Amino acid sequence: GGGGGGGEDDHQYAGNQGSAAVARLAIEQSFDIIVAALRARQRELLEELAAQERTKVADLQEQLEDLAGVFSVLYGLVANGEHLQRLAKDHQRLFVASFADLAHRIETESRITACLETVHSERFELSLSPEAEELLDAARTIGEVGVVPAVEQAPVSMFQRVFRVSHGVVRAKCKRVRTIPLKMNRPAFIAFLGSDQMAVSSYTAKEVVLFRPDGTLLRRVGALSYPMGMYYDERAAELLVVLHGGSEVRVLDSEGRRTRSMPVANGRHITPNTTGNYLVSTSGHLVHEVGTAGVLRSFSVTPPGSTGSHSACQMAISSRTGLLYVADYSGGCVSVFDANFTFQRSITSPHLKGNVSGLVLDDTDRMFVGTSAGVHMFSPEGVWERQLTTRAGTNEGQSCVGLPASLALHKNELYVCDCVNNQVYVFA
């Protein structure tokens, strides 16, 4: 009987050992599952970072190729004057900076690849390496707005989406902040009447709509034959409206009543010049200087030696240099003239696709150009910097515009007349 009891004890002891072994096996399997999950997550994060860096390297290589082409062309034209020499030097600095940034990005991609190889081949660690942490910190800052050193001191990175302006290099964004809540029929041009009123010419509706920036309607002035460009004379409190179908520039008082008109055929846009008269672009290749009696003199926007089609649209005069900038609708460029209307140069870029209609300058001569493919920004030297908006259907989102008919700057905001969606968009 005693021996039988001892056998039961041995059996119970063996059973307890078996349960402990099963428990240890379960714990080890659970730990393996957790480690495998953490390793897979680390691998996913590093592979995402590697894919982002490869994309940035490809963007920089494309930018470098574009800059190399521009750089070589400009140095071939150095003999044409000091302006081209300065432009060539600017491109040289940008070329060198972009090359340095490209080398940095290639090195970063190599470091990520090395981290990936470590994850695939070595024992898993719960913390990322210092290199991976650094890359994650850099990724979190992408898209933030801030000022970084000028191009002479730091690389210009497509990865950070930066562009150079007179006070340094700024990370750039262009986001639609609001839409004027007022439906119009093919809005063409904008004029600001002081600080609290604005007017939009509604081409197809044959009227000018006056409202506050928040969209509060003030009045509609109708019976206008296809109104287009406008200019508000603050001293006289008069609004000048180009009537494309009426072959005149009509002058309206503060109540929208006609006070007088100046005859000019096929007008598009109007802007005052430095002599006290007005410049009116036409649907042909001519720009007229117009006084109270009508056209005083005219000049063509066709560049010397060009045999292609050219037609003038929106214009802007530099407050710094007095030069006249004219959007060449058919020529796909911006032509520049001096105060005597002598042709100086054409500003163009492979990025300017489609007809060039809108044009506005800020107080530093940075240029915003509207085309049938979107709105672009150029440096004061006439160098393309980036595309601010896209065409509807190509990249839907807050930077999307149907067809920009004209542009305007007011209080540090960019206004775009979209004659396809019949809206006025405001961008910051």
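Which residue in the turn of the β13–β14 hairpin has a positive phi? That's Gly-276, with a phi of about 95°, and the hairpin has 5 residues between its two strands. Keep in mind that you're looking at a predicted model. Below is a quick tour of two buried strands, β14 and β6, with their partners, plus a charged patch on the surface.

**Strand β14 and its partners**

- Strand β14 covers residues 278-282, and 5 of its 5 residues are buried, so the rest of the structure largely encloses it.
- In a regular strand, side chains alternate between the two faces of the sheet.
- You can follow that pattern here: Tyr-278, Val-280 and Thr-282 point one way from β14, while Leu-279 and Ser-281 point the other way, and all are buried.
- On one side of the pairing story is strand β13 (residues 267-272), which pairs with β14 in the antiparallel sense over 4 bridges.
- To spot this pairing, look for Ile-270, whose bridge partner in β14 is Val-280.
- Strand β15 (residues 286-291) also pairs with β14 in the antiparallel sense, again over 4 bridges.
- Here the pair to look for is Ser-281 with its bridge partner Val-287 in β15.
- The link from β14 to β15 is a hairpin, made through 3 residues.

**Strand β6 and its partners**

- Now head to strand β6 (residues 198-202): 5 of its 5 residues are buried, so this strand is largely enclosed by the rest of the structure.
- Met-198, Val-200 and Ser-202 point one way from β6, Ala-199 and Ser-201 point the other way, and all of them are buried.
- Strand β5 (residues 187-192) runs antiparallel to β6, and 4 bridges join them.
- Pro-187 has Ser-202 of β6 as its bridge partner.
- β5 and β6 make a hairpin with 5 residues between them, and Gly-194 in the turn has a positive phi of about 75°.
- β6 also pairs with strand β7 (residues 207-211), in the antiparallel sense and over 5 bridges.
- In that pairing, Ser-201 stands opposite Val-208 in β7.
- The β6–β7 hairpin has 4 residues between its strands, and in its turn Lys-206 has a positive phi of about 60°.

**A charged patch on the surface**

- Which residues form a negative surface patch? They are Asp-59, Glu-62, Glu-65 and Asp-66.
- Asp-66 sits in helix α1, which spans residues 2-76.
- With a relative accessible area of 40%, Asp-66 counts as partly exposed, because that label covers values between the buried cut-off of under 20% and the exposed cut-off of over 50%.

How values were computed. Residues are numbered from 1 along each chain as its sequence is written. This is a predicted model: local features need pLDDT of at least 70, side-chain atom pairs count only at pLDDT 80 or more; totals for chains, interfaces and linings use all residues. Side-chain values use heavy atoms; hydrogens and water are left out. Patches are made of residues with over 30% relative accessible area and no salt bridge: like charges are joined within 9 Å, nonpolar side chains (Val, Leu, Ile, Met, Phe, Trp, Tyr) within 5 Å. Accessible areas come from the Shrake-Rupley method with a 1.4 Å probe; for residues, only the protein chains shown count as cover. A salt bridge is a side-chain nitrogen of Lys or Arg within 4 Å of a carboxyl oxygen of Asp or Glu. Lys and Arg count as positive and Asp and Glu as negative; His and the chain ends are not counted. The place of a charge is taken as NZ of Lys, CZ of Arg, CG of Asp or CD of Glu. Buried means under 20% relative accessible area, exposed over 50%, partly exposed in between (1.4 Å probe, protein chains only). Two strands pair if DSSP finds at least two bridges between them.
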